[in-house]
Amino acid sequence: MTEIDIEQEHIIDIIDIEQDQPSPGGHLKMKAKSSRKKRSWTWDYFEEVDIKEQASDKGEVLKRCKLTDAKGNKCETLYINDGSTGNAINHLLNEHEILKEDLQPLYVVQSPSFWRLISKLDPAFIMPDEKGIKKVIYKAYKFTMPALIEKIKDDAKSVSITTDMWTARNGQGYIGVTCSYIDTKFNLNEITLTVNYVRYPHTAQHVAESLEEVFNEWNLRDKVFTITTDNAANMKKAIASMSNIRWQGCSAHTLQLIVGKALVPVKALIMRDVKDTAKYLQSINDVSTCWNSSYLAWVRLLYLKGWIKILFNVLSCNMDLDSKKDAKRLKQIMITDDEWDLIADLTEDDAFENNDAEEGQDSTQNSKINEPINTFGLLDEVKSKLYKNIKKYYPTLFTESLIPSILDPRFKKLDFSPEAQKIETKCHLQELFNNEKVNYQNNQAASSTQSTTQSKSSKKRITLMARLSKANVVVINEIEEYLQLPEIALDSNPLMWWREKKESFPILSGLAQKHLAVLATSTASERLFSDAGTY
């Protein structure tokens, strides 16, 4: 579930399109320009090596890094100058730590001239060094972690975990773990626990050991209720081996599999114009690990439809050899009118969003990319596959998964489920309620005993009327009374509703506090790697 970053490496420079209206169908004005592409920003840090001076083993032209380190030593790292900037960007980020915002290396803070500049701005400011910053971070960590552990201990009845694994570019595996819980004031809390290294191989046993280590470090083992992950076999097996912990499948990942497999027949439409027009028109690639990328790629193609046709005409009229080759290639993969209509039909229906293939799934053969697609009945085929995959991955709604729904005052009537399943869910809720009631009474008894012990030292004289009077205890069926109340509006906050009603439903509110904290997706832990990057 991530947004796609599009780096502007190549911009159309063959034609200058001045658009009077925001849509590609508006009035377009063209004027011829040079076929030379604009230089990438990486050329500010690289220079082309004279082929007479040095070339690759195959005789290819090289480019050389011009940067120097803080000591003035030249880098002079060489890469093949094949038009791609990926290796150069990675080199600048990893070796020279070039910042993305203003493209300045991090070691600029060690430069004496930079120090003089800061001194002029604020003479009292002391420039921190790397060791000093690490000490500050370590002290903050050692102070914050015990405080968070104590906060979770006091506030959380139970916690729900999300976790995900990621392999870095160096081949090492890392596991991210987050927890969520609802406190006594019915506020939802989310905390990032850790991103830890997991030793290879990433078996279920190693994953389980890593999770147990995290839970013990945070004193959470007895509080963990559920763990939400993707459908990876090692994750499911690891959690199954952990006692008293439920596994919750990521609903977003499951939908990704369902829609991705349903769109296999039309995947060639993504791999056609996208592949060869990206360097001119900044189309969006279909990436298997980026959810919703297929849908975004189609929407972008429809937006560029008019410009793609114009681009073909301009490339055909151009005299340089590269443009001629691009025109010939574009003609081979040009989308037909029927295929354009099919793409429009697919993107009109919101049901086809999140259209990503299963990770690692080779859904389209390269040999079929150049062939036009027979669109007759293809939309119906996609819908049929979508329905079959929904039946496969969601054969029925499990009663356990409906407990959070019945405890949500917006959906407690379960209008979306069959009558028999409603009855079964209510029965299961009654079982959970009875167990929770026992725990509640035990806690009340323990609290009462403690209060009695404390009051013995300050025992006061009790009047006759006080001895005769008894506490008014009203025994009600919390479940029946709760279900008889009307549902609240969809845009209402269910946690706020339970905060106001917890005195009326002391036992049922405890169940809501536990079950409503379960996250339906594992995106919280997956987002850790998106934010940190893959370096």
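Let's start with how helices α4 and α5 cross: their crossing is right-handed. Please keep in mind that we are looking at a predicted model. Helix α4 covers residues 204–217, and helix α5 covers residues 233–240. Where they pack, the angle is about 55° and the axes lie 8 Å apart. Those two values are worth giving together, because a pair of packed helices is described by the angle between the axes and the distance between them. With that angle, α4 counts as oblique to α5.

So who is touching whom? From α4, the contact is made by A204, V207 and A208. On the α5 side, we have N234, M235, K237 and A238. If you sort the residues of this contact by character, you get five nonpolar, one polar and one charged.

Now let's move along to helix α18, residues 506–515. How many of its ten residues are buried? Eight are, so this helix is largely enclosed by the rest of the structure. You can find them in the model as I507, L508, S509, G510, L511, A512, Q513 and H515.

Last topic: cysteines. Take C179 and C317 for a moment. Which of these is buried, and which is exposed? C179 is buried, because its relative accessible area is 2%, and buried means under 20%. C317 has 64% relative accessibility, so it counts as exposed; the cut-off there is over 50%.

And how many disulfides does the model have? The count comes to zero, with a disulfide taken as two cysteine sulfur atoms within 2.5 Å.

That's my tour, thanks for listening!

Notes: Residues are numbered from 1 along each chain as its sequence is written. This is a predicted model: local features need pLDDT of at least 70, side-chain atom pairs count only at pLDDT 80 or more; totals for chains, interfaces and linings use all residues. Side-chain values use heavy atoms; hydrogens and water are left out. Buried means under 20% relative accessible area, exposed over 50%, partly exposed in between (1.4 Å probe, protein chains only). Axes are lines fitted to C-alpha atoms, for helices over the stretch in contact, and angles run from 0 to 180 degrees between N-to-C directions. Helices (H or I, at least four residues) and strands (E, at least two) are DSSP runs, numbered from the N terminus. Angles under 35 degrees count as roughly parallel, over 145 as roughly antiparallel, 65 to 115 as roughly perpendicular and the rest as oblique. A crossing is left-handed if the near helix is turned anticlockwise from the far one by less than a right angle, and right-handed if clockwise. Contact means heavy atoms within 4.5 Å. Ala, Val, Leu, Ile, Met, Phe, Trp, Tyr, Cys and Pro count as nonpolar, Asp, Glu, Lys and Arg as charged, and the others, Gly among them, as polar.
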